[in-house]
Amino acid sequence: MSVTETVVYALHLLFAGLWTGSVLFAAATLPNIAGGLAADARDSFVGALRNVSRASAAVLLLSGGYMLTLAGYTEGGALTGTGRGHLVLAMLVLWFALAGLTEVAAGKLDDGEDATSFLYGASVVAVLLLLDAGALATGAF
């Protein structure tokens, strides 16, 4: 494995963990403190969640795309005709879902509305992404 590949894989894992952790942290803490959170603290929290989410989404899209080319999924039916390809496609769908749920939750929080269901949904999607990544990493498919 080249240095470039190692850096790409490391960045991918780092930002995946950061995004998942921030969403799980938000879902675990915010519903319990949202009512007693000052407006400027809430704004800071939402800003951090948005920044982590957007940066992670961008890095994961770029690094994941690069990893697709390395793994040969761009040829023939490797992406749609294999179990591993299906896991990659599922990861892409879950990635879009996580980005969307996180953005909606942040928007609701910004408006002072309840975003608990969106944060919980994002948490479920984040865990599913980790399980999907684990299945890909084990090579079971």
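This passage walks through the helices of a predicted model and the side-chain pairings between them.

Helix α4 is a handy place to start. This helix takes in residues 116-138. With 23 residues at 1.5 Å a residue, α4 should span 33 Å, and its end C-alpha atoms do sit 33 Å apart, so expectation and model agree. Right after α4 comes Gly139, with a positive phi of about 75°. The buried residues of the helix are Thr116, Leu119, Ala122, Ser123, Val125, Ala126, Leu129, Asp132, Ala135 and Leu136. The spacing in that list brings a general point to mind: an α-helix has 3.6 residues a turn, so residues three or four places apart point the same way.

Helix α4 also has something to show on the outside. Leu24, Val124, Val127, Leu128 and Leu131 make up a nonpolar surface patch of about 410 Å². Four residues of the patch come from α4, which is the largest share. Leu128, a member of the patch, belongs to this helix. With a relative accessibility of 39%, Leu128 counts as partly exposed, because the partly exposed class runs between 20% and 50%.

Next come the aromatic side chains, which form two pairs in the structure. In one of them, Phe25 and Phe45 are tilted against each other, with 6.3 Å from centre to centre and 35° between the planes. Phe25 sits in helix α1 (residues 3-33) and Phe45 in helix α2, so this pair ties together parts of the chain that are 20 residues apart in sequence. Phe45 itself is buried, at a relative accessible area of 18%. The other pair, Trp95 with Phe96, is edge-to-face, with 4.6 Å between centres and 80° between planes. These two partners have rather unlike surroundings: Trp95 is buried at 12% relative accessibility, whereas Phe96 is exposed, with a relative accessible area of 54%.

Helices α1 and α2 come up again away from the aromatic rings. Leu11 is part of helix α1 and is partly exposed, its relative accessible area being 36%. The C-alpha atom of Leu11 is 7.5 Å from that of Val59, although 48 residues separate the two along the chain. Ser63, for its part, is in helix α2 and counts as buried, with just 7% relative accessibility. Leaving aside residues up to four places away in sequence, Ser63 touches Val8 and His12.

That leaves the charged side chains. Side chains of opposite charge can pair when their charged atoms come close. Here the count comes to five salt bridges. One of them joins neighbours in sequence, Asp43 and Arg42, at 3.9 Å from N to O. That distance still qualifies, because the cut-off is 4 Å. Both partners are partly exposed: Asp43 has a relative accessible area of 39%, and Arg42 is at 21% relative accessibility.

Arg50 makes a salt bridge that reaches further along the chain. Its partner is Asp110, and the closest N and O atoms are 2.9 Å apart. The pair links distant parts of the chain, since Arg50 is in helix α2, Asp110 is in helix α3 (residues 83-110), and their positions lie 60 residues apart. Arg50 is buried, with a relative accessible area of 19%, while Asp110 counts as partly exposed at 35% relative accessibility.

Arg54 pairs in a similar way, forming a salt bridge with Glu103 in which the closest N and O atoms are 2.9 Å apart. Arg54 is in helix α2 and Glu103 in helix α3, so this bridge ties together parts that are 49 residues apart in sequence. Arg54 counts as partly exposed at 48% relative accessibility, and Glu103 is partly exposed as well, with a relative accessible area of 27%. Through salt bridges that share partners, Arg50, Arg54, Glu103 and Asp110 are joined into one network. The contacts of Arg50 fit that picture: not counting residues up to four places away in sequence, Arg50 touches Glu103, Ala106, Gly107 and Asp110. Two of those names, Glu103 and Asp110, are also members of the network.

Notes
Residues are numbered from 1 along each chain as its sequence is written. This is a predicted model: local features need pLDDT of at least 70, side-chain atom pairs count only at pLDDT 80 or more; totals for chains, interfaces and linings use all residues. Side-chain values use heavy atoms; hydrogens and water are left out. Patches are made of residues with over 30% relative accessible area and no salt bridge: like charges are joined within 9 Å, nonpolar side chains (Val, Leu, Ile, Met, Phe, Trp, Tyr) within 5 Å. Accessible areas come from the Shrake-Rupley method with a 1.4 Å probe; for residues, only the protein chains shown count as cover. A salt bridge is a side-chain nitrogen of Lys or Arg within 4 Å of a carboxyl oxygen of Asp or Glu. Helices (H or I, at least four residues) and strands (E, at least two) are DSSP runs, numbered from the N terminus. Buried means under 20% relative accessible area, exposed over 50%, partly exposed in between (1.4 Å probe, protein chains only). Contact means heavy atoms within 4.5 Å. Rings of Phe, Tyr and Trp (its six-membered ring) pair if their centres lie within 6.5 Å; planes under 30 degrees apart count as stacked, over 60 as edge-to-face and the rest as tilted. The expected span of a helix is 1.5 Å times one less than its number of residues.
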